[in-house]
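Student: I'm new to this one, and I'd like to know what the words people use for it rest on. Can we go through it together?

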Amino acid sequence: TWLRKGYCLDWLGRHAEAERAFEQAQTLDPNGATTMAWVGWHWVQVEEYQKAIDLFLRSLNHLPADRNSLARVYLENARKRLSERR
């Protein structure tokens, strides 16, 4: 529930509220691959690419890329955007 709330708040542009929802999700499920991937997605939305990359890598360590498309796809996206900044 907290993940979906955060997702919706991000889409509404209410990023600070979304961050609090994602933090609650992480508190309840700190080692969940899906949780890590969605929190990483949030960091991409607010252009915190290194934070996103770190979470996507953690997520992929818990759930392989062939079963973790969110982390796999967004990891490449975040890496590309971060390299464009440099």
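Tutor: Sure. Bear in mind that this is a predicted model. Let's start with His-42, which is found in helix H3.

Student: Is His-42 buried or exposed, and how do you know?

Tutor: Its relative accessible area is 1%. Buried means under 20%, so His-42 counts as buried.

Student: What does His-42 touch, leaving aside its neighbours within four places in sequence?

Tutor: His-42 is in contact with Asp-10, His-15, Ala-18, Glu-19 and Phe-22.

Student: Where is Ala-37, and what makes it buried?

Tutor: Ala-37 is found in helix H3 as well. Its relative accessible area is 1%, and the cut-off is under 20%, so Ala-37 is buried. Not counting residues up to four places away in sequence, Ala-37 touches Phe-56, Ser-59, Asn-68, Leu-70 and Ala-71.

Student: How far is Ala-37 from Thr-27?

Tutor: Their C-alpha atoms are separated by 14 Å, and the two residues are 10 apart along the chain.

Student: Why is H3 called largely enclosed?

Tutor: Count the buried residues: 11 of the 13 in H3 are buried, so the rest of the structure largely encloses this helix. Among them are Met-36, Trp-38, Gly-40 and Trp-43. The buried residues of H3 pack against H1, H2, H4 and H5.

Student: How does the reach of H3 compare with what is expected?

Tutor: H3 reaches 19 Å from its first C-alpha to its last, close to the 18 Å expected at 1.5 Å a residue.

Student: Now the packing. What makes H2 and H3 roughly antiparallel?

Tutor: H2 and H3 pack at an angle of about 160°, with their axes 10 Å apart. Angles over 145 degrees count as roughly antiparallel, so H2 is roughly antiparallel to H3. The contact includes His-15, Ala-18 and Phe-22 of H2, and Trp-38, Val-39 and His-42 of H3. As for the sense of the crossing, H2 passes H3 in a left-handed way.

Student: And why is H3 called roughly parallel to H5?

Tutor: Their axes come within 10 Å and cross at roughly 30°. Angles under 35 degrees count as roughly parallel, so that is the label for H3 and H5. The crossing of H3 and H5 is left-handed.

Student: Which residues meet there, between H3 and H5?

Tutor: Ala-37, Trp-38, Trp-41, Val-44 and Gln-45 in H3 meet a group in H5 that includes Leu-70, Tyr-74, Ala-78 and Arg-81.

Student: What about H1 and H3: why are they put down as roughly parallel?

Tutor: The axes of H1 and H3 cross at roughly 15° and come within 11 Å. Set that angle against the limit of under 35 degrees, and H1 comes out roughly parallel to H3. Here Leu-3, Arg-4, Tyr-7, Asp-10 and Trp-11 in H1 meet Thr-35, Trp-38, Trp-41, His-42 and Gln-45 in H3. H1 also passes H3 in a left-handed crossing.

Student: What follows H3, and what makes its phi stand out?

Tutor: H3 is followed by Glu-47. Its phi is near 60°, a positive value in a residue other than glycine. Glu-47 lies in the loop between H3 and H4.

Student: How do you know which exposure label Glu-47 gets?

Tutor: Its relative accessible area is 45%. Buried means under 20% and exposed means over 50%, with partly exposed in between, so Glu-47 is partly exposed.

Student: After that loop, which residues of H4 are buried?

Tutor: They are Tyr-49, Ala-52, Ile-53, Leu-55, Phe-56, Ser-59 and Leu-60. The buried residues of H4 pack against H2, H3 and H5. H4 has 14 residues and reaches 20 Å, close to the 20 Å expected at 1.5 Å a residue.

Student: Last one: how many residues are in the largest nonpolar core, and which helix gives the most?

Tutor: The largest nonpolar core has 23 residues, and those with the most contacts inside it are Phe-22, Trp-38, Val-44, Ala-52, Phe-56 and Ala-78. Helices H1, H2, H3, H4 and H5 each supply at least two residues of this core, and H3 gives the most, with seven. As for Ala-78, it touches Val-44, Tyr-49, Ala-52, Ile-53 and Phe-56, not counting residues up to four places away in sequence.

Key. Residues are numbered from 1 along each chain as its sequence is written. This is a predicted model: local features need pLDDT of at least 70, side-chain atom pairs count only at pLDDT 80 or more; totals for chains, interfaces and linings use all residues. Side-chain values use heavy atoms; hydrogens and water are left out. A nonpolar core is a set of buried Ala, Val, Leu, Ile, Met, Phe, Trp, Tyr and Cys residues joined through side-chain atoms within 4.5 Å. Buried means under 20% relative accessible area, exposed over 50%, partly exposed in between (1.4 Å probe, protein chains only). Helices (H or I, at least four residues) and strands (E, at least two) are DSSP runs, numbered from the N terminus. Contact means heavy atoms within 4.5 Å. The expected span of a helix is 1.5 Å times one less than its number of residues. Axes are lines fitted to C-alpha atoms, for helices over the stretch in contact, and angles run from 0 to 180 degrees between N-to-C directions. Angles under 35 degrees count as roughly parallel, over 145 as roughly antiparallel, 65 to 115 as roughly perpendicular and the rest as oblique. A crossing is left-handed if the near helix is turned anticlockwise from the far one by less than a right angle, and right-handed if clockwise.
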